[in-house]
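Let's take a stroll through this structure together. Have a look at the sequence and the fold first, and then we'll go piece by piece.

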Amino acid sequence: PNLFFTPHPPTRHSSTSRWLGDVYKRQISCLLFSFGAYASCPSVLDHKVRVLGSTESANLCEFQDKVVLAVNVASQCGYTYQYEALQALYEQHKEDGFVVLGFPSGDFFQEFTEEEKVKEFCQTTYGVDFPMFKRSHVTNGGKLKLRNYKANPFFAELIKETGVQPAWNFNKYLIARDGTVKHFNQDVEPDSSLLTSEIAALISK
């Protein structure tokens, strides 16, 4: 819904100033509510990202009270099978304050160009229902850092916090509720004890 929607102003001139005052009060209230809701959000999550295959966007601060596992994903990669374990991990812990966030990318030339194809593939092949976001760059110039593009703002922040950019698809960034970030590369399976023990420890805090 549009929080800033207002009805047409009254036709009586004498009521116009009062109507405008009410409009501004509602707008200010909405802004203060948004600010208050995200006031404690870690800066690493404070990014607005478009939802996969949609015109709608979400602020990642919506997940500020959760342990977050952000993963750069691809549909045609040798590691694509990890979707299955990522979905299982999400289902196992989503009621405990944990979420997986998927970020499709063609930086390694293994993702569909059309977002609808990405969405359909994930849902029909692996039953993915964790949040997925728009297809975007997740590296600064690709594996060899030679191409002329930058990572999306969220992944740029993850790279900055860890000092590591994805070397391939299915790199994992585990974000604690306080905003600290730890990186796991593509060879760390989602259900490996190395990763699951870290997730369990953060959930319990």
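Start with strand E5 (residues 172–175), which pairs with E6 in the antiparallel sense over four bridges. One bridge you can look up yourself: Leu174 has Lys182 in E6 as its partner. Keep in mind as you go that this is a predicted model.

Now zoom out a little. E5 and E6 belong to an open sheet of four strands, ordered E4-E3-E5-E6, and the pairing in that sheet is mixed. Strand E4 (98–104) and strand E6 (181–184) stand at the edges; each has a single partner strand, so one side of each is left without a neighbour in the sheet. Going from one strand to the next, the twist averages 20°.

Next, the helices that go with the sheet. Helix H4 (residues 153–162) packs on the sheet and touches strand E3 (67–73), E4, E5 and E6. The direction of H4 makes about 80° with that of E5. H5 lies across E3, E4, E5 and E6 too, but runs at about 20° to E5.

Just after helix H5 (193–204) comes a segment where you'll find Lys205. Is Lys205 buried or exposed? Lys205 is exposed, with a relative accessible area of 74%. Lys205 and Ala176 sit 29 residues apart in sequence, and their C-alpha atoms are 9.4 Å apart in space.

Finally, try another pair of helices. The axes of helix H2 (residues 82–93) and helix H3 (residues 115–126) come within 10 Å and cross at roughly 75°, which makes H2 roughly perpendicular to H3. Where they meet, Tyr83, Glu84 and Gln87 in H2 contact Phe121, Cys122 and Tyr126 in H3. By class, that contact has four nonpolar residues, one polar and one charged.

How values were computed: Residues numbered from 1 in each chain as written. Predicted model: local features only at pLDDT ≥ 70, side-chain atom pairs only at ≥ 80, totals over all residues. Heavy atoms only, no water. Axes fitted to C-alpha atoms, helices over the stretch in contact; angles between N-to-C directions. Helix = DSSP H or I, 4+ residues; strand = E, 2+ residues; numbered from the N terminus. Parallel < 35°, antiparallel > 145°, perpendicular 65-115°, else oblique. Contact = heavy atoms within 4.5 Å. Nonpolar A, V, L, I, M, F, W, Y, C, P; charged D, E, K, R; others polar. Buried < 20%, exposed > 50% of the residue type's maximum accessible area, 1.4 Å probe, protein only. Pairing = 2+ DSSP bridges.
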